[in-house]
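Student: I'd like a close look at a single part of this model, please. Could you take me through the strand region of the second chain, and then show me how the rest of the structure looks beside it?

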Amino acid sequence: MPLRTTGGTGSVSTTKTAPRESGERADTEPDRDAEDGREEGRHLNSPLLLTLLLLTAVMFQDPIRGALSAPVMQSWMTVFVAVMVQALPFLVLGVLLSAAIAVFVPPSFFARALPRRPALAVPVAGAAGAVLPGCECASVPVAGALVRRGVTPAAALAFLLSAPAINPIVLTATAVAFPGNPEMVLARFVASLLVACAMGWLWHRLGRTDWLRLPAGTSYEGQSKGAAFWDSVRHDVTHAGGFLVVGAMAAATLKAVVPADWLRLAADHPVLSVLALAVLAVLLSICSEADAFVAASLTQFSLTARLTFLVVGPMIDLKLFAMQAGTFGRAFALRFAPATFALAVVVSALTGTVLL
Amino acid sequence: MNRLAQTALLFLLGATLLHAGTTDLYLRYVKSGLRPLVLLAGAVLIATAAATLWYERRRTTAAAHHHEPRISWLLTLPVFALILVAPPALGSYSAAHTGTALTKPLGFPDLPEGGGPLRLGVADYASRAVYDDGRSLRGRELKITGFVTLDRAGAPYLVRMGLNCCAADAQPVKIALTGDIPPVLRPDTWLEITGRYTPRRTKDPVNNGPIPYVEVTSARPVPTPHDPYDETWNT
């Protein structure tokens, strides 16, 4: 919102925009308005709050550091920061691409590029995932932009699931990580594409549009293209980035507390080992460009179990769930995530039995 | 969080990434190959902040805007974590809780000949000792650098964490120490040990992975290396 200035921190555009802004907000966001009212009552707005937060943190940095010096807290922090530093560049890349799609690519392009029948558009979009060289953090905002650009959700979801798993970078990493088992690359490609298409068709059959809650009202009418582009980048980074923080915190917590001995117990049982690695893939939330190396090191597990790890991880994990809930709404994520998980486990177990 | 605060936050986040990318700080968290991407992301975030501010000042028509997400506030956490705390690279705590990740390499390239001591990485020594029966190591004086980790029983290991992408996937490779070990070893101290190959082996209590021993003749503390992780062992 343009400079919702309150209290004494007046600035350039206050007088011009304030009345129009409040009028607009009144019909779209009543609760937000009420909240603003409270904020104004206390003469606090978010820039001021941010400044206060920063100053407080700097003032108390010694006690904060002391509280975080325990080894388990330090390793938690390291993993948290590592996931953020590693994922942010890919998120930024995905956000730039999605902003470009939202602003510069006309909806008619997708209407021409994709088959009109959703049932056919799903596999085309799924296979198109092979051209987005990145990890899962990039694919969420791009899929969101595709839906907003009028691509049928079923196709956009197939793209969302396949892009992080079947792009050349990830497949190369898989080949490098499994030098003795080149069939692993093929199995990963086939299983991931199958799950992506199956989920797309499933959504086409059973999905309801009211489950999808796309950020409404992001119309860029009346703005120049440049303004719309940067507005979209700003919004998506702060929005998806916030959810990325949630996911990174969850992944760091699990990395710090899950004992490795549990895995050894599960590895001996054929069914349990597949399920254990599927759950592990969800919990660890490793970037899809690196997960093959982790899978390669889980030598006590069967190849099929490790394939499950590689198929489930890029499609659904804690970080992705948080980001999907942020982009498509919680009602969607709560239905989509379990279905993806179940389907991915089943398909990779079958593919593993046939190919590995 | 309104636009002005978001702009400030984006700027801070971008500046933090640039700071981490231009110093060696980023090496504690991600592999060195990600550096261009980290710098690029930092630059894009700062550009976004600048562009938002620029268009904000020239805004004449108010476009419809939806709920500005409150979840953005969470983005202050990585900024604080990086600027105020800058947590160290993963060390003995995670090494002691993770099994050794030694895997059989494709082959063993010839080691340089010469009379002087031979410098080896932890993973290189471990894989040659375990999977090559130390053929290339026998009778040579070796120098290996890693950090100290003690297991629950207090037995010392020399460890290097291997990295594929970021610290979330870091895995240790361990060598057990025997011979002339310094009497007091503090976990997380970086040591350069000089020693010899010994066929003695043990198993990692965490995952039953193979851990070779090395017979130490002398050890000296060294500063933390430029890149605390070993990025070569998987490629």
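Tutor: Happy to! Let's start with a pair of strands in chain B: E5(B) and E6(B) run antiparallel and are joined by 10 bridges. Please keep in mind that this is a predicted model. One rung of that ladder sets B:Glu192 across from B:Arg220 in E6(B). The two strands form a hairpin with six residues between them, and there B:Asn208 has a positive phi near 65°. Most residues other than glycine have a negative phi, so a positive value is a handy thing to look for in a backbone.

Each strand of the hairpin has a further partner. On the E5(B) side, strand E2 (residues 142-150) of chain B pairs with E5(B) in the antiparallel sense through six bridges. You can locate that pairing by finding B:Lys143, whose bridge partner in E5(B) is B:Thr194. On the E6(B) side, the neighbour is E4(B), and here the strands run parallel, with four bridges between E4(B) and E6 (residues 210-221) of chain B. The contact to look for is B:Thr178, which is bridged to B:Glu215 in E6(B).

Strand E4(B) deserves a pause. Besides its parallel link to E6(B), E4(B) has an antiparallel pairing with strand E3 (residues 156-162) of chain B, made of six bridges. In that pairing B:Gly162 faces B:Gln171 of E4(B). How many of the nine residues of E4(B) are buried? Seven of them are, so strand E4 (residues 171-179) of chain B is largely enclosed by the rest of the structure.

Following the chain from E4(B), you come to B:Asp188, in the loop between E4 and strand E5 (190-203) of chain B. Its phi is near 75°, a positive value in a residue other than glycine. B:Asp188 is partly exposed, because 16 other C-beta atoms lie within 10 Å, whereas 20 or more would make a residue buried.

How does this compare with the annotation? An unreviewed UniProt entry lists residues 130-229 of chain B as "domain: DUF1980". Across that span the chain is 51% strand and 2% helix, and the end C-alpha atoms are 21 Å apart.

Elsewhere in chain B the picture is helical. The unreviewed UniProt entry lists residues 36-55 and 71-90 of chain B under "transmembrane region". Residues 36-55 of chain B are 100% helix and 0% strand, with 28 Å between the end C-alpha atoms. For residues 71-90 of chain B the end C-alpha atoms also lie 28 Å apart, but that span is 50% helix. B:Ala86 sits in the loop between helix H3 (76-85) and helix H4 (92-97) of chain B. Like B:Asp188, B:Ala86 has a positive phi although it is not glycine, with a value near 45°. B:Ala86 counts as partly exposed because it has 17 C-beta neighbours inside 10 Å.

Now for chain A. Here the unreviewed UniProt entry lists several stretches as "transmembrane region", including residues 185-204 and 270-286 of chain A. The first of these two, residues 185-204 of chain A, is 100% helix, and its end C-alpha atoms lie 29 Å apart. Residues 270-286 of chain A are 88% helix and 0% strand, with end C-alpha atoms 23 Å apart.

For helix packing in chain A, look at helix H5 (residues 71-104) and helix H12 (residues 225-257), whose axes are 7 Å apart at an angle of about 155°. H5(A) and H12(A) are therefore roughly antiparallel to each other, and their crossing is right-handed. The residues of the contact between H5(A) and H12(A) comprise 27 nonpolar, five polar and three charged.

Two residues of chain A round off the view. A:Val140, in helix H8 (residues 136-148) of chain A, is buried because it has 28 other C-beta atoms within 10 Å. A:Val140 and A:Leu91 are 49 residues apart in sequence, yet their C-alpha atoms are 8.7 Å apart in space. A:Phe336 belongs to helix H18 (residues 330-355) of chain A and counts as buried, with 25 C-beta neighbours inside 10 Å. A:Phe336 and A:Trp211 are separated by 125 residues in sequence and by 9.8 Å in space, C-alpha to C-alpha.

Note on methods
Residues are numbered from 1 along each chain as its sequence is written. Chains are lettered from A and ligands numbered from 1 in the order in which they are written. This is a predicted model: local features need pLDDT of at least 70, side-chain atom pairs count only at pLDDT 80 or more; totals for chains, interfaces and linings use all residues. Axes are lines fitted to C-alpha atoms, for helices over the stretch in contact, and angles run from 0 to 180 degrees between N-to-C directions. Angles under 35 degrees count as roughly parallel, over 145 as roughly antiparallel, 65 to 115 as roughly perpendicular and the rest as oblique. A crossing is left-handed if the near helix is turned anticlockwise from the far one by less than a right angle, and right-handed if clockwise. Ala, Val, Leu, Ile, Met, Phe, Trp, Tyr, Cys and Pro count as nonpolar, Asp, Glu, Lys and Arg as charged, and the others, Gly among them, as polar. UniProt positions are given in the numbering used here, feature names are shortened, and annotations may be inferred rather than shown by experiment. A residue is buried if 20 or more other C-beta atoms lie within 10 Å of its own, exposed if 12 or fewer, and partly exposed in between; C-beta atoms are placed from the backbone. Two strands pair if DSSP finds at least two bridges between them.
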